[in-house]
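Visitor: I am new to this structure. Please show me how to read its packing.

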Amino acid sequence: MKHSKLNVRGVERVFTGPKGEQTQALQPIHYQVEENDFITILGPSGCGKSTLLRIIAGLDTPTRGEIWLDGQPVDGPGADRGMVFQSYTLFPWLTVEENIRFGLRERGLSTAQQKERSDYYIQQVGLRGFAQHYPRQLSGGMQQRTAIARALANDPKVLLMDEPFGALDNQTRVMMQELLLSVWEQSRKTVLFVTHDIDEAIFMANKVAIFSARPGRIKQEVAVNFNSGRDYTIKTSPEFMTLKAEITESIRSETLQTMAH
Ligand SMILES: Nc1ncnc2c1ncn2[C@@H]1O[C@H](COP(=O)(O)OP(=O)(O)OP(=O)(O)O)[C@@H](O)[C@H]1O
C-alpha cells in the first residue's frame, strides 16, 4: 500500500488549565499530505492551527491520535521536520551563516559541507553579501529569509511554517511569497503553511485546508489549479477571485460561530 508523505491519524488535543479546566483545541483530525504538496491552512483565530502544526513538529503531544511521516510514527522533534515561526527565532549572537550552519554542525556535517549548503541557501534567499551580518543588523524580512534558509539547509522532509510572513509589511510579504515559491519549485519540499491571509493562501498552495471553529478540524480542502503560471498577476484573475469568494465565505461562517460562543 502506498503511504502518504504525512498522515494525521485521529489527532485530538485537549489542554488542561491550572484549575483543571479543559479546552478542546482539536477534535479528531484525519488528514493526509502527499509528497510535494504545498498546503496552506486557514481558519478562524484560536481554532487550533498552530496546535496541529506544533504536534506535527513534535513540539506538542496529541491527547489522542498519531502523526506518521514516511510510514514512521512521530514521537518528538526531529531534523526531518523544519519549522519557521512568525516571530524571528534566529540566535542573535550568531551571524546569518552561523545560524544556517548551526543545525548542520549538530548533525555532524563536515565544515566544507556546512559551508557549501549555507552558501547555496544564502544565495537562494537573496542574502549574498549578508552572510557575516548578525540578526540585529537585518530587517524583519531578511531575518525571515535567514530562518527559511536555515530550515531548508537541514533538508527536512516537511517544512512547517506558522504565519512566517505575518509580521512583515505588505510589500515585503508579497516579495517573500514569490521568493518562497521559487525556492519551493526547485526544492519541491512538502510544505504546511499556516496563514490568515486568504490571498497568500491561494497564491502559494496547491491545496487550501480550511479549519472549522474550535475545536478545530479540517472541514474543507480546496484544490488550487491555475491554468496560467503562478506569478503575482494571477491575484487579479477571475479564477483567483472565484476561489477567494468561496474560501472567504467558508471561513466567515466559521468565524461567526466562534463569535457566537
Ligand atoms: N499551551 C496551551 N494551554 C492551554 N490552552 C492552549 C495552549 N495552546 C493553545 N491553547 C488553546 O487552544 C486553542 C487553539 O490555539 P491555537 O494557537 O492552536 O489556535 P490558532 O488557530 O493557531 O490561533 P491563531 O490563528 O489566533 O494564531 C485556543 O483556544 C488556545 O487558547
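Guide: Start with a term: two residues are in contact if their C-beta atoms, placed from the backbone, lie within 7 Å. Helices (H or I, at least four residues) and strands (E, at least two) are DSSP runs, numbered from the N terminus. Axes are lines fitted to C-alpha atoms, for helices over the stretch in contact, and angles run from 0 to 180 degrees between N-to-C directions. Helix α4 lies across β6 and β7, at about 175 degrees to β6.

Visitor: What kind of model is this, and how are residues numbered?

Guide: The model is predicted; local features need pLDDT of at least 70, side-chain atom pairs count only at pLDDT 80 or more, and totals for chains, interfaces and linings use all residues. Residues are numbered from 1 along each chain as its sequence is written.

Visitor: At what angle do α4 and α5 pack?

Guide: Two packed helices are described by the angle between their axes and the distance between the axes. Here α4 (residues 140-153) and α5 (residues 170-187) pack at about 15 degrees, with axes 11 Å apart. So α4 is roughly parallel to α5 (angles under 35 degrees count as such).

Visitor: Which residues of α4 and α5 meet?

Guide: Gly141, Gln144, Ile148 and Leu152 in α4 meet Thr172, Met176, Leu180, Val183 and Ser187 in α5.

Visitor: In what order do the strands of the sheet lie?

Guide: Strands of a sheet pair through backbone hydrogen bonds, either parallel or antiparallel. In this open sheet 6 strands follow the order β6-β7-β8-β3-β9-β10, with mixed pairing (two strands pair if DSSP finds at least two bridges between them). At the edges are β6 (81-84) and β10 (218-223), each paired on one side only.

Note on methods:
Parallel < 35°, antiparallel > 145°, perpendicular 65-115°, else oblique.
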